[in-house]
Amino acid sequence: QGMQLSMLRGFAAPLLETEYAAWLRRESAPTRRWLMWVPFFAMVLAPAHGNLLFKSSGLTVVWLRLIEFGLTAPLCALSLFLLYRDPDSPLTTRVMLIAVVVVFWAVALIRWVGAAGGGSLSPEIVMVVPLALAAVGRLRLFLILPMIISCSLLFLVAEWHINGAAGYAPTVLGTLMFAALSLMTAIATDRLTRRAWLDRQIAELSAMSDAITGLPNRQWLNRDMDTLFSLARRNQEPLAVNLIDLDHFKKLNDTHGHAAGDVALRAVGKVLARFGRRALDLAGRYGGEEFVLILHKPKHYGAARIAEELVQGIAGLGIENQGAPLGRLTASIGVYIATPGAEDRPEDFLQQ
């Protein structure tokens, strides 16, 4: 619950934010494609509304055509190309954000310089900006607020240039109202989307957590071990793999019962969790009475010392095991330290 509340405040952890952004890009890819086809066709077909340009000079028409076909339509086309080629790329999101804002600026500029006497744009168009920005990528107030403010100001200046003071007050009020409304809607949508992703992540983590100890189970370990090994292999950094086996654990179950065995596993899990707190360390239950602890760059603090402390910590629990030679629960640990090579797999380190 604490993690959930922290994440709903804005994702303090960069890794979680990165995972959320990647998921959002994948899930919203179809919506974003449709979103970009609309302004693309709007810009390409804009010359069909030639009545807006009848009173403009030839030079003005040239500038408007450059805005339409030299800037906005190519940006929309580039966004569509990137969306179909690699919708997960952060570059795609950045290009789409730029395209949405430029399209709005282009609409206001075209209205300003080429539509004198051609009527008035509705302030509801301001709603498009924050909603579109929220749809195409991660919502960030420090990014979206300047965009909304600049687009709204450009729209209001264009309307003043065209219509003057006549009916300007309703335009201002409508623009402010719709900008605020759309911003609140975008923020609410963003929060709901984050909550949905968070609930999904919690469900996945629950399915991959060991029910007794609360540590990652073998499925979770296999997934994260692959990630850790890839990172260590790329950066040429060593890993220490500790394989922990509880001694004579079957005798504990046979003598004291499986409920006592579960209590012992839970206590060992708490001890193990204290040694895997760093971001790139990994501790989990491998199966039965076996546990795994992977330490990233172990030379910084001594893998042998950590293993010895772990052995002493488990023995220090004082859990009775009458079938064991020492009469209490103990553990044996195998440690293998190396920098993963191109052909090395986590299974190789565990085997060693």
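1. In this predicted model, Val241 has Ile294 of strand 3 as its bridge partner. The contact belongs to the pairing of strand 1 with strand 3, where seven bridges join two strands that run antiparallel.

2. On the other pairing of strand 1, Ala240 is bridged to Ile337 in strand 4, and the two strands, again antiparallel, are joined by eight bridges. Strand 1 (239-246) is mostly covered, with six of its eight residues buried.

3. These pairings form part of an open sheet of four strands, which are arranged in the order 2-3-1-4 with antiparallel pairing. Its edges are formed by strand 2 (282-287) and strand 4 (331-338), each of which pairs on one side only. From one strand to the next, the twist averages 20°.

4. Strand 2 is joined to strand 3 (residues 290-296) by five bridges, and the two run antiparallel. Within this pairing, Gly287 has Glu290 of strand 3 as its bridge partner. A colleague inspecting the sheet may also wish to follow helix 11 (residues 258-273), which lies across strand 1, strand 2 and strand 3 and runs at about 5° to strand 3.

5. Two residues that flank strand 1 deserve a look at their backbone angles. As background, most residues other than glycine have a negative phi. Gln236, which is not a glycine, nevertheless has a positive phi of about 55°; this residue is found in the loop between helix 9 (218-235) and strand 1. Gln236 counts as exposed because its relative accessible area is 55%, and the cut-off for that class is over 50%.

6. His248, likewise a residue other than glycine, has a positive phi near 50°, and it is found in the loop between strand 1 and helix 10 (249-256). With a relative accessibility of 35%, His248 counts as partly exposed, since that class covers values between the buried limit of under 20% and the exposed limit of over 50%.

7. Away from the sheet residues discussed above, which environment does Phe155 have, buried or exposed? Phe155 is found in helix 7 (residues 141-163), and its relative accessibility is 1%, so it counts as buried, the cut-off being under 20%. Its C-alpha atom is separated by 8.0 Å from that of Trp105, although the two residues are 50 residues apart along the chain.

Terms used:
Residues are numbered from 1 along each chain as its sequence is written. This is a predicted model: local features need pLDDT of at least 70, side-chain atom pairs count only at pLDDT 80 or more; totals for chains, interfaces and linings use all residues. Side-chain values use heavy atoms; hydrogens and water are left out. Buried means under 20% relative accessible area, exposed over 50%, partly exposed in between (1.4 Å probe, protein chains only). Two strands pair if DSSP finds at least two bridges between them. Axes are lines fitted to C-alpha atoms, for helices over the stretch in contact, and angles run from 0 to 180 degrees between N-to-C directions. Contact means heavy atoms within 4.5 Å.
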